[in-house]
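Colleague: Could you take me on a close look at one part of this model? I would enjoy a connected account of how its pieces meet.

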Amino acid sequence: MTCRACGHGNPEDARFCGGCGARLELVCAACQAANPAGNRFCHRCGGPLAAVEPYGPPRAYTPKHLADKILTAGSALVGERKQVTVLFVDVSGFTSLSERLDPEDVHRLMSRAFDLMLAEVHRYEGTVNQFLGDGIMALFGAPIAHEDHARRAVHAALGIGHALEDFQKELAPRGITFRARQGLNTGLVVVGSIGGDLRMDYTAVGDTTNVAARLQQASEPGHVTISEATRRLVHGYVETRALGRLHLKGKAEPIEAWEVVGAREARTRLEVGAERGLTPFVGRDRELGALLDLFGRAREGHGQVALLLGEAGIGKSRLLLELRRRLADTADWHEGHCLSFSARR
């Protein structure tokens with residue numbers, strides 16, 4: 001079996017190239033069926049198959065700080081069921097682009113597009129699981145676990161959209177249209193194995209991956225389409241527009257879908273929860289009284305500093321919210337927050 005990436009000869013039963021490490025067995029993005037290297041279309045569902053990975057082994061394009069995290073987490077995750085968010089990105093107009101331009105020009109354009117996509121995925125600590133010829137498949141929430149994996153995936157999708165829009169402006173004078181369709185879904189996967197070169201084997205449980213792929217196919221160019229499962233996790237953090245129930249290929253029942261219009265300003269989980277309605281505030285009268293007493297002393301000209309310390313989930317943020325409500329208009333309130341995915345590396 002000859003590797004299409006580097007031309008190296010490999011045994012017929014090889015799954016990865018011995019010369020460059022590229023995957024020889026093509027995995028269908030829609031149904032996850034394994035196909036021989038010579039197939040152009042999936043022999044299970046008939047969908048188009050991915051081209052070989054354009055960047056070689058995953059470790060070659062994964063930032064070192066992420067590679068170290070993946071390898072550290074991967075050894076403990078084999079066989080685990082994980083809740084993740086799957087992102088599919090497809091560049092609209094790639095086929096017509098290939099017909100009009102020289103292959104070297106197409107390669108340069110797509111390499112730049114892949115670089116832009118990878119930068120946004122890695123910025124939010126997602127993992128590119130597959131290159132799809134004119135797009136990518138990325139996972140958020142495994143192997144690096146994040147409780148806010150859905151938010152990270154949606155922010156990455158919006159970032160990819162903005163990055164490709166800027167790229168499109170550069171290409172516009174040449175008459176080239178370059179926009180991305182994106183689809184996301186959240187659900188369970190089973191982590192298989194993670195090799196030393198960061199190659200990962202994931203098995204989707206149910207329709208997690210398939211629905212994400214179908215939503216991407218149903219999305220309009222330049223749009224981000226998400227499932228109801230993803231929307232429930234990002235509600236309040238992003239602006240969405242209902243698309244109704246979409247009839248997706250291979251699905252007996254229509255799927256509720258939403259378009260992500262844009263991100264809202266940085267907000268805490270408590271602020272989002274307050275919009276939906278909070279439970280009654282009980283059992284913190286002593287602590288609240290102590291903070292109000294400190295504020296009273298400060299108003300009299302005696303500066304005070306308070307340190308609020310406690311286990312995660314014990315109610316520190318809620319206590320501060322109630323203090324702010326009690327103070328109302330009697331004081332100026334300045335508050336800052338740190339987001340784990342807000343800084344570029």
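**Helix H3 and its neighbours**

Modeller: Gladly! Keep in mind that this is a predicted model. Let's begin where helix H3 (residues 103-123) packs with helix H4 (residues 149-171): the angle between them is about 150 degrees, and their axes are 8 Å apart. With angles over 145 degrees counting as roughly antiparallel, that makes H3 roughly antiparallel to H4. The crossing of H3 past H4 is right-handed.

If you want to pick out the side chains, H3 makes the contact through Leu109, Arg112, Ala113, Leu116, Met117, Glu120 and Val121. From H4 come Ala156, Gly159, Ile160, Ala163, Leu164, Phe167, Glu170 and Leu171. Sorted by character, the residues of this contact of H3 with H4 are 11 nonpolar, 3 charged and 1 polar.

Staying with H3, we can turn to its aromatic partner. The count of aromatic pairs comes to 1. It is formed by Phe114 and Phe131, whose ring centres are 5.1 Å apart and whose planes stand at 85 degrees, so the pair is edge-to-face; planes over 60 degrees apart count that way. Phe114 sits in helix H3 while Phe131 belongs to strand S4 (residues 127-131), so the pair ties together parts that are 17 residues apart in sequence. Both Phe114 and Phe131 are buried.

So, to retrace our path around H3: this helix runs roughly antiparallel to H4, and its Phe114 pairs edge-to-face with Phe131.

Technical notes. Residues are numbered from 1 along each chain as its sequence is written. This is a predicted model: local features need pLDDT of at least 70, side-chain atom pairs count only at pLDDT 80 or more; totals for chains, interfaces and linings use all residues. Side-chain values use heavy atoms; hydrogens and water are left out. Axes are lines fitted to C-alpha atoms, for helices over the stretch in contact, and angles run from 0 to 180 degrees between N-to-C directions. Helices (H or I, at least four residues) and strands (E, at least two) are DSSP runs, numbered from the N terminus. Angles under 35 degrees count as roughly parallel, over 145 as roughly antiparallel, 65 to 115 as roughly perpendicular and the rest as oblique. A crossing is left-handed if the near helix is turned anticlockwise from the far one by less than a right angle, and right-handed if clockwise. Contact means heavy atoms within 4.5 Å. Ala, Val, Leu, Ile, Met, Phe, Trp, Tyr, Cys and Pro count as nonpolar, Asp, Glu, Lys and Arg as charged, and the others, Gly among them, as polar. Rings of Phe, Tyr and Trp (its six-membered ring) pair if their centres lie within 6.5 Å; planes under 30 degrees apart count as stacked, over 60 as edge-to-face and the rest as tilted. Buried means under 20% relative accessible area, exposed over 50%, partly exposed in between (1.4 Å probe, protein chains only).
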